[in-house]
Amino acid sequence: MERRVKRGGMIRLKGTSDYGEYNLLEHGEVWEVKNVGKFAAHIKSLQKTYKLNSGKKEYDQRLIPLNDGIDFEIVEVIY
């Protein structure tokens, strides 16, 4: 039985392009799911890794498609 991505859960990503692989090296493979829509999920990195111009670090957040992503693939639903 396949586990579904759900709000408040955690997912492990795999980079499917050079851009995706670089982002996972920079921000980590495991992400928190903030919200899930019909076709995409809003995810947030676990650590503050996104550096702002002021030098302050914040969580990286992005939308990823649930199926057929260009840069990322969901390989595991952890929670």
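**View 1. R62 and D60 form a salt bridge.** In this predicted model, the side chains of R62 and D60 meet at 2.6 Å, N to O. Both partners are buried: R62 is, and so is D60. The pair belongs to a structure that holds 6 salt bridges.

**View 2. E29 and R12 meet side chain to side chain.** Their salt bridge spans 3.6 Å, N to O. It links distant parts of the chain, with the two residues 17 apart. E29 sits in the loop between α1 (18-27) and β2 (30-36). R12 lies in strand β1, residues 10-15. How far are these two residues exposed or buried? E29 has a relative accessibility of 44%, so E29 counts as partly exposed. R12 has 27% and therefore also counts as partly exposed.

**View 3. Three charged residues are joined in a network.** R12, E29 and E76 are linked by salt bridges. The contact between E29 and R12, at 3.6 Å, appears here again.

**View 4. Strands β1 and β2 run antiparallel.** The two strands are joined by 3 bridges. Which residue of β2 stands opposite R12? That residue is V30. R12 thus has two roles to look for in the views: the place opposite V30 in the strand pair, and the salt bridge with E29.

**View 5. Strands β2 and β3 form a hairpin.** There are 3 residues between the two strands. They pair in the antiparallel sense, over 5 bridges. Within this pair, E32 stands opposite K44 in β3.

**View 6. E32 and K44 are bridged by their side chains.** The salt bridge measures 3.8 Å, N to O. It links distant parts of the chain: E32 is in strand β2, and K44 is in strand β3, residues 40-51. The two residues are 12 apart. Which of the two is buried, and which is partly exposed? K44 has a relative accessible area of 14%; this is under the 20% cut-off, so K44 is buried. E32, at 22% relative accessibility, counts as partly exposed. The two residues that meet in this salt bridge also stand opposite each other in the strand pair.

Key. Residues numbered from 1 in each chain as written. Predicted model: local features only at pLDDT ≥ 70, side-chain atom pairs only at ≥ 80, totals over all residues. Heavy atoms only, no water. Salt bridge = Lys/Arg side-chain N within 4 Å of Asp/Glu carboxyl O. Helix = DSSP H or I, 4+ residues; strand = E, 2+ residues; numbered from the N terminus. Buried < 20%, exposed > 50% of the residue type's maximum accessible area, 1.4 Å probe, protein only. Pairing = 2+ DSSP bridges.
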